[in-house]
Amino acid sequence: MLILITGVSRGLGRALADWYIAHGHTVVGCARSGTEIFDLRFTYSEPHSFESLDVTEAIKVEIWSERVLGTHGVPDLLINNAAVVNEPAPLWTVPVQEFSKLIDINIKGVSNTIRAFVPHMIGRGSGLVVNISSGWGRSVSAGMAPYCASKYAIEGLTKALSEELPDPLAAVPLNPGIIDTAMLRKCWKDGAAQYPSPKDWAERAAPFILSLDRRSNGKSLSVPE
Ligand SMILES: NC(=O)c1ccc[n+]([C@@H]2O[C@H](COP(=O)([O-])OP(=O)(O)OC[C@H]3O[C@@H](n4cnc5c(N)ncnc54)[C@H](OP(=O)(O)O)[C@@H]3O)[C@@H](O)[C@H]2O)c1
């Protein structure tokens with residue numbers, strides 16, 4: 001299977017990439033950090049492919065997709081995982097630029113990869129889009145308003161997309177659960193340590209994602225505990 005993952009440099013994206021490659025799939029991924037992308041390229045040679053790319057840059061995403069489609073073909077599975085979280089703070093104190101950047105990454109970045117890859121999935125007649133949501137896309141906490149807004153948006157965006165996709169394609173908003181990553185540590189500091197590592201999480205999440213199909217289309221799902 002050809003699996004495309006955004007936000008592959010660390011955390012859940014990296015753990016999914018490691019698991020899928022270990023289980024015989026081809027992974028194409030991106031993230032902004034050049035150092036981690038270099039590390040991935042060094043660790044995993046072709047046919048896997050990793051690009052230093054910011055998902056907010058729609059034109060670069062388009063150029064990247066043309067390269068991926070030309071060398072690898074159409075992805076079977078598109079996992080929109082890249083996201084950022086705001087510095088926990090009351091909404092009225094969140095700087096304009098921070099809010100704007102978060103929306104650009106967490107919502108518009110997702111639509112950029114969908115615009116670039118989904119028409120080709122439709123053309124081929126198969127494909128699954130998994131947009132990583134959050135518990136904070138279904139309930140809220142003080143201090144997290146921008147992030148909650150972006151993940152509620154991911155739920156709505158994905159459900160609307162699911163009604164647009166022709167059978168047998170499918171789109172699923174997926175809450176990963178709570179995992180000890182750099183993102184969680186930004187929210188909860190050392191409290192994050194009580195949660196599973198990305199590697200342990202991927203043992204449950206990666207096969208669960210592979211089990212999704214049209215029957216899951218538009219459903220708000222969570223990775224099983
Ligand atoms: N950890 C949790 O408990 C938890 C809970 C609920 C939902 N989630 C969701 O799970 C997903 C992964 O989160 P995580 O915990 O693994 O976070 P993380 O450790 O901070 O990783 C986020 C990834 O996204 C990439 N990224 C961020 N902005 C990007 C951009 N503009 N373009 C391309 N890549 C970008 C980062 O790489 P660069 O910085 O190198 O670009 C990194 O690889 C996110 O959608 C998050 O909202 C996580």
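Here are a few friendly notes on the nonpolar cores and neighbouring strands of this predicted model.

1. A good place to start is the largest nonpolar core, which has 34 residues. Ile5, Leu16, Tyr20, Ile79 and Val130 touch the most other members. Among the elements that give two or more residues to this core are strands E1 (2–6) and E2 (26–31) and helices H1 (11–22) and H2 (34–43). H1 gives the most, with seven residues.

2. Ile5 is worth a closer look. Leaving aside residues up to four places away in sequence, its contacts include Leu16, Ala17 and Tyr20, as well as Val27, Val28, Gly29, Cys30 and Ile79. Apart from this core lies another one, of 25 residues, with Leu4, Val55, Ile105 and Met121 among them.

3. Next, strand E2. Six of its six residues are buried, so E2 is largely enclosed by the rest of the structure. In a regular strand, side chains alternate between the two faces of the sheet. Here, Thr26, Val28 and Cys30 point one way, while Val27, Gly29 and Ala31 point the other way.

4. On to the partners of E2. E1 and E2 pair in the parallel sense over five bridges, and Cys30 in E2 is the bridge partner of Thr6. E2 also runs parallel to strand E3 (residues 49–52), joined to it by four bridges; Ser52 in E3 is the bridge partner of Ala31.

5. Finally, the connections. E1, H1 and E2 make a right-handed β-α-β unit. From E2 the chain crosses through H2 to E3, and this β-α-β crossover is right-handed.

Terms used:
Residues numbered from 1 in each chain as written. Predicted model: local features only at pLDDT ≥ 70, side-chain atom pairs only at ≥ 80, totals over all residues. Heavy atoms only, no water. Core = buried A, V, L, I, M, F, W, Y, C linked by side-chain atoms within 4.5 Å. Buried < 20%, exposed > 50% of the residue type's maximum accessible area, 1.4 Å probe, protein only. Contact = heavy atoms within 4.5 Å. Pairing = 2+ DSSP bridges. Right-handed = clockwise from strand over helix to strand, strands pointing away.
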